[in-house]
Amino acid sequence: MVCDCCGRKKKLFESFAAVKYKQTQMNFCVDCNDLAYKVRDDVNEQNNDNYEKHLKEWQQRAKKPSDIFLAWQQEFLAQLEKSLKKEES
Ligand SMILES: [Zn+2]
């Protein structure tokens, strides 16, 4: 099993997070899963700075994203961006 985000192979005794998407299921390693949660939490907290920071980290992590991951991430981020209040500048 490999992570749908970074492409890393699952190590023995390591647990990957299963994420259901449409008719399929993705698997995230702990690090990628953590970042996805952080990005979502940042939006919930309306923390723009952290959101940008974690999003960048996440995109840098996604070295070998699967097609399904890219489709999912696009939807996931589109949803988040809707609830993120951008500061007027
Ligand atoms: Zn990963």
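1. Let's start with the contacts. In this predicted model, residues 24 or more positions apart make up 53% of the protein chain's contacts with a separation of 6 or more.

2. Now for the overall layout. The protein chain has three helices and two strands, and reading from the N terminus their order is β-β-α-α-α. The C-alpha trace spans about 45 × 25 × 20 Å along its principal axes. There are 89 residues in the protein chain, and 21% of them count as buried.

3. Have a look at the first two helices next. Helix 1 covers residues 30-44 and helix 2 covers residues 48-61; they pack at an angle of about 155°, and their axes are 9 Å apart. An angle over 145 degrees counts as roughly antiparallel, so that is what we call helix 1 relative to helix 2. Their crossing is left-handed.

4. Which residues of helix 1 and helix 2 meet? On the helix 1 side you'll find Asp 31, Cys 32, Leu 35, Ala 36, Lys 38, Val 39, Asp 42 and Val 43, and on the helix 2 side Asn 50, Tyr 51, His 54, Leu 55, Glu 57, Trp 58 and Arg 61. Sorted by type, the residues of this contact are eight nonpolar, two polar and five charged.

5. On to the inside. In soluble globular proteins, nonpolar side chains tend to be buried together. Here the largest nonpolar core has 14 residues, and the members touching the most others are Cys 3, Cys 5, Phe 28, Cys 32, Leu 35, Ala 36 and Val 39. Strand 2 (24-28), helix 1, helix 2 and helix 3 (67-83) are the elements that each give two or more residues to this core. Helix 1 has the largest share, with five residues.

6. Val 39 is worth clicking on. Setting aside residues up to four places away in sequence, Val 39 touches Tyr 51, His 54, Leu 55, Trp 58 and Leu 80. Among these, Tyr 51, His 54, Leu 55 and Trp 58 also appear on the helix 2 side of the helix 1 contact.

7. Finally, try Arg 61, which sits in helix 2. Why does Arg 61 count as partly exposed? Arg 61 has 19 C-beta neighbours inside 10 Å, and a residue needs 20 or more to be buried, so Arg 61 gets the label partly exposed. Not counting neighbours within four places in sequence, Arg 61 is in contact with Cys 5, Cys 6, Asp 31, Cys 32 and Leu 35. Lys 85 is 24 residues from Arg 61 in sequence, and their C-alpha atoms are 25 Å apart in space.

Conventions: Residues numbered from 1 in each chain as written. Predicted model: local features only at pLDDT ≥ 70, side-chain atom pairs only at ≥ 80, totals over all residues. Axes fitted to C-alpha atoms, helices over the stretch in contact; angles between N-to-C directions. Helix = DSSP H or I, 4+ residues; strand = E, 2+ residues; numbered from the N terminus. Parallel < 35°, antiparallel > 145°, perpendicular 65-115°, else oblique. Left-handed = near helix turned anticlockwise from the far one by under 90°. Contact = placed C-beta atoms within 7 Å. Nonpolar A, V, L, I, M, F, W, Y, C, P; charged D, E, K, R; others polar. Core = buried A, V, L, I, M, F, W, Y, C linked by C-beta atoms within 7 Å. Buried ≥ 20, exposed ≤ 12 C-beta atoms within 10 Å, placed from the backbone.
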